[in-house]
Amino acid sequence: MQVCCTKDSNFNPNTTLGEEFLPRQDGDLTIMYDVIRTYDTNYWAQVTISNHNPLGRLDNWQLSWDWMKEEFIFAMKGAYPSVIDATDCIYGSQGDYYQGLDFSTVLNCLRRPTIIDLPLTMANDTNLGMIPFCCRNGTILPPSMDPSKSTSAFQINVFKMPPDLNRSQLSPPQNWQISGTLNPDFQCGPPVRVSPSQFPNPSGLPSDSTAVASWQVVCNITQPKGVSPRCCVSFSAYYNESIIPCQTCACGCPSSSSRTCSTTTPALFLPSQALLLPFENRTKLATAWADVNHLRIPNPLPCGDNCGVSLNWHLYTDYTSGWTARMTIFNWDDTSFVDWFAAVELDKAAAPGYQKVYSFNGSVLNGVNNTIFMQGLPGLNYLVAETDGADPAKDPRVPGKQQSVISFTKKNLPGINVPAGDGFPTKVYFNGEECSLPKVLPSGNSHRLGSASITSVLIAIIVLMLIQQ
């Protein structure tokens, strides 16, 4: 027997909803809201956060949304509400309807809950963990750094309210927002119904299970107007002894700071040793340096940069065949950074001239123009927090610090002028956050001539006198 099948061009297949799903969209970060089990009064949904931006990142992420139909969170796996509170349910319409429900086990009844990730130790917990891609302490890395750590997921048990008490009546939450610490800002769109997601069969069989319904939320990196960055960069070079520090109030200033310092006066140039001191301990060195170099000392003095992380880009050497730079990262915050990364954009030198990063793991980033991506080597990827000095009573606090030299070649870059600006970055990122850059570059002046050694001796004497005082 032989059977021949031909395609019927007039056949219209039936879809689940009687309408076509919208196509899935691309974005810097996407959030999937997949309903995986549904009952008359409640359902289980899986929320999957996926990072697609090569420079995007989230640390200690916090996810929030609005319930539109008086839903509440009964249970969760893989994440947890930042506040455990059933008060709104007990005194609200939820308590009137679910009179037989034990609200002591309800996790959250807020109209806008905030969800946080669980620590690594909960990954294998039978009650709260055991969800793939869960429990990473709120860290979502860029896929260029580690694709296996660019996704975070959790499951949530949602109870519904009348008149939505049937299996097929499903409504996703609205007004999604996600944020992290020292990370870029994300702007999220509304949830869009898409084709049901498929998941590997939990039993291990070679088949996939399909979600009951799926919605996609697309979030893109934005720079909100008026929001200050959270990291800054200082410039220095072998031909000038002065450090051009981070800009005044680069990361914002307290509203009352103008009474004691100027928020508009440019920051004072610094000697190199001042970079290791907190801003409040730099005043004597900065004013002494300005006095020796005949620079104007404003009154009041400029405010600090107020940044938790600062980076110094130092033009180290410049030869006919190549040049080198040294990048130093300072952590002035009370929080350590695990699996940190930095990215430097050099318009003319990165892609064709980059050779090697010596103390970091570095490479030219694919898909991002002229950008060098750097991260800590295995076992050295921990940027510690600021700590007390050897004698806290008199010694200033010490920042966490890591640095490396980066080498470049001029072989394929005819006409490159490193000191004139080609050797300085046009953009710098730390953990996905774009940092503030100085508005001027180090200049080649009399400091690079014979007077350099005399100036160094004078500064050493002044610093010694200040220390003795």
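Begin by selecting Asp66, which counts as buried at 10% relative accessibility. The model is a predicted one. Next, add Arg112, whose side chain meets that of Asp66 in a salt bridge (3.0 Å, N to O). Asp66 belongs to strand β3 (residues 62–66) and Arg112 to the loop between α2 (93–97) and β6 (114–117), so the pair ties together parts 46 residues apart in sequence. Arg112 counts as partly exposed, at 30% relative accessibility.

This contact is among the 11 salt bridges that the structure holds. For another, select Arg397 and Glu386, whose side chains meet at 3.1 Å, N to O. Both residues lie in the loop between β23 (382–383) and β24, 11 residues apart. Glu386 is buried at 13% relative accessibility, whereas Arg397 is partly exposed at 29%. Extend the selection to Asp334 and Asp388, which are linked with Glu386 and Arg397 in a network of salt bridges.

From that loop, proceed to strand β24 (residues 400–409), which pairs with strand β17 (residues 322–331) in the antiparallel sense over 10 bridges. Within this pairing, display Trp323, which stands opposite Phe408 in β24. Then show the whole open sheet, in which 6 strands follow the order β15-β14-β16-β17-β24-β20 with mixed pairing. Its edge strands are β15 (240–244) and β20 (354–357), each paired on one side only.

Finally, turn to the cavity, the 1 of 30 Å³ or more found in a search of the whole structure. Its space amounts to about 50 Å³. Select its lining: Tyr43, Lys69, Glu71, Lys160, Met161, Asp164, Gln169, Leu170 and Ser171. By class, this lining comprises 3 nonpolar, 2 polar and 4 charged residues.

Note on methods. Residues numbered from 1 in each chain as written. Predicted model: local features only at pLDDT ≥ 70, side-chain atom pairs only at ≥ 80, totals over all residues. Heavy atoms only, no water. 1 Å grid on protein atoms, 1.4 Å probe; cavity = no way out; pocket = protein on both sides within 12 Å on 5 of 7 lines; lining within 4 Å. Points joined across faces, edges and corners; volume = space filled by probe spheres on them. Nonpolar A, V, L, I, M, F, W, Y, C, P; charged D, E, K, R; others polar. Pairing = 2+ DSSP bridges. Helix = DSSP H or I, 4+ residues; strand = E, 2+ residues; numbered from the N terminus. Salt bridge = Lys/Arg side-chain N within 4 Å of Asp/Glu carboxyl O. Buried < 20%, exposed > 50% of the residue type's maximum accessible area, 1.4 Å probe, protein only.
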